[in-house]
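Biologist: I'm new to this one, so could you walk me through it slowly? Let's have it on screen before we start.

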Amino acid sequence: MVNVARFDACLSDQLLALQAELNSGIYRPGKYVHFFIHEPKRRRISAAPFRDRVVHHALCNVIEPLFESDFIADSYANRVGKGTHRAVDRFQSFSRRYRYVLRLDIVKHFPAMDHQVLLGEIQRRITDRKTLGLVQLILNSGAGIHDQEYRPTLFPGDDLLDLLRPKGLPIGNLTSQFWSNVYLHPLDCFVKRELSCKAYLRYVDDFALFANEKEQLWAWKQEIRTKLEQLRLKFHENSAQVMPVDCGIPWLGFVIYPDHRKLKARKAVHGTRTLTRRFNAWQQGEISFGEFDASLQGWINHVRYADTWGLRKHVLRRFRW
């Protein structure tokens, strides 16, 4: 049995030592542990040591409020009171008011983020040298972390030296999720203010614009391409199509129509397989019923945001209690 008092004392000692390192300026991030996930596509996840994750949380707690007041209301990722389901609700709300949608997503978003561009955005709000030094340390710890998965791109005006610019944020860091919103905030402002798009929303690197005229959306697409080049990013050209909203638009794991929603088939298959594995693990005594039930309730709570009553009955019938 764990001695809770001894554990708490040990943790407090580590936090005090970490605080001393930060105050004295000798703190240095540790090495990441890397692994891959395949949901829905192959991604390299980089897990920082525990002490570094504590630093990431502390830094975000301090600087996030400075940026939060500037973010647009329709940015839904990694923000208090937002999230996937609110983004889905908003997407459907727009689809009921407009005839067409332009959906875009960024090529290799986290691997492609340029450190110089990001620092420029951070320095607009933060001037404290110690804080900026810590930001730089964390950024440097992730430089080149995606080199094996990402081939650098030359943008208009670049030379070969620009291929060596530090880039890439580790997928898995809290700071990376927050800095993603900081990095793309200029895009949000551009779409809302300069393009005067009244129906726009973004979730991480997926964003959508709505209008009643196809021509308007095609024109906006060209201007967004230019704006993203200034941020040293590109969107996927093949999927950047103007679509009628009533044909059903894939968005965050759902297919959204103006009057109903479906769960994407791939998500249904993946969820069923995961729950089956968890059920079998419970039956074999590898996990508790509470752990299996938590997985089941989490899945139900997610898929209930679509018309999935039949799917839920079908999945639950697979389990013999």
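Biologist: Which residues in helix 5 meet helix 7?

Modeller: Keeping in mind that this is a predicted model, Val-117, Leu-118, Glu-121 and Ile-122 are the residues of helix 5 that make the contact, and on the side of helix 7 they meet Trp-179, Val-182, Tyr-183 and Pro-186. Sorted by kind, the residues of this contact comprise seven nonpolar, no polar and one charged.

Biologist: And how are helix 5 and helix 7 oriented to each other?

Modeller: Their axes come within 9 Å and cross at roughly 85°. Angles from 65 to 115 degrees count as roughly perpendicular, and helix 5 and helix 7 are therefore roughly perpendicular to each other.

Biologist: What does helix 5 touch in helix 6, then?

Modeller: In helix 6, which covers residues 129–142, the partners are Leu-132, Val-135, Gln-136 and Leu-139, and they are met by His-115, Leu-118, Leu-119, Ile-122 and Gln-123 of helix 5. That contact divides into six nonpolar residues, three polar ones and no charged ones.

Biologist: Is that pair roughly parallel or roughly antiparallel?

Modeller: The axes of helix 5 and helix 6 come within 12 Å and cross at roughly 155°; since an angle over 145 counts as roughly antiparallel, the two helices are roughly antiparallel to each other. The crossing of helix 5 past helix 6 is right-handed.

Biologist: Switching to strands: what is the order in the open sheet of three?

Modeller: The order is 7-8-9, and the pairing is antiparallel. Strand 7 (249–251) and strand 9 (261–263) are at the edges with a single partner strand each, so each has one side without a neighbour in the sheet. On average, and ignoring direction, neighbouring strands here are turned by 30° against each other.

Biologist: How many bridges join strand 8 to strand 9?

Modeller: Three bridges join them, with strand 8 spanning residues 254–256, and Ile-256 stands opposite Arg-261 of strand 9.

Biologist: Last topic, backbone oddities: which loop holds Lys-108, and what is its phi?

Modeller: Lys-108 sits in the loop between strand 3 (100–105) and helix 4 (109–112), and although Lys-108 is not a glycine, its phi is positive, at about 45°. Arg-232, in the loop between helix 8 (214–230) and strand 6 (242–244), also has a positive phi, near 60°, and is a residue other than glycine.

Biologist: Is Arg-232 buried or exposed?

Modeller: Arg-232 is buried, with a relative accessible area of 9%, whereas Lys-108, at 39%, is partly exposed.

Terms used
Residues are numbered from 1 along each chain as its sequence is written. This is a predicted model: local features need pLDDT of at least 70, side-chain atom pairs count only at pLDDT 80 or more; totals for chains, interfaces and linings use all residues. Side-chain values use heavy atoms; hydrogens and water are left out. Axes are lines fitted to C-alpha atoms, for helices over the stretch in contact, and angles run from 0 to 180 degrees between N-to-C directions. Helices (H or I, at least four residues) and strands (E, at least two) are DSSP runs, numbered from the N terminus. Angles under 35 degrees count as roughly parallel, over 145 as roughly antiparallel, 65 to 115 as roughly perpendicular and the rest as oblique. A crossing is left-handed if the near helix is turned anticlockwise from the far one by less than a right angle, and right-handed if clockwise. Contact means heavy atoms within 4.5 Å. Ala, Val, Leu, Ile, Met, Phe, Trp, Tyr, Cys and Pro count as nonpolar, Asp, Glu, Lys and Arg as charged, and the others, Gly among them, as polar. Two strands pair if DSSP finds at least two bridges between them. Buried means under 20% relative accessible area, exposed over 50%, partly exposed in between (1.4 Å probe, protein chains only).
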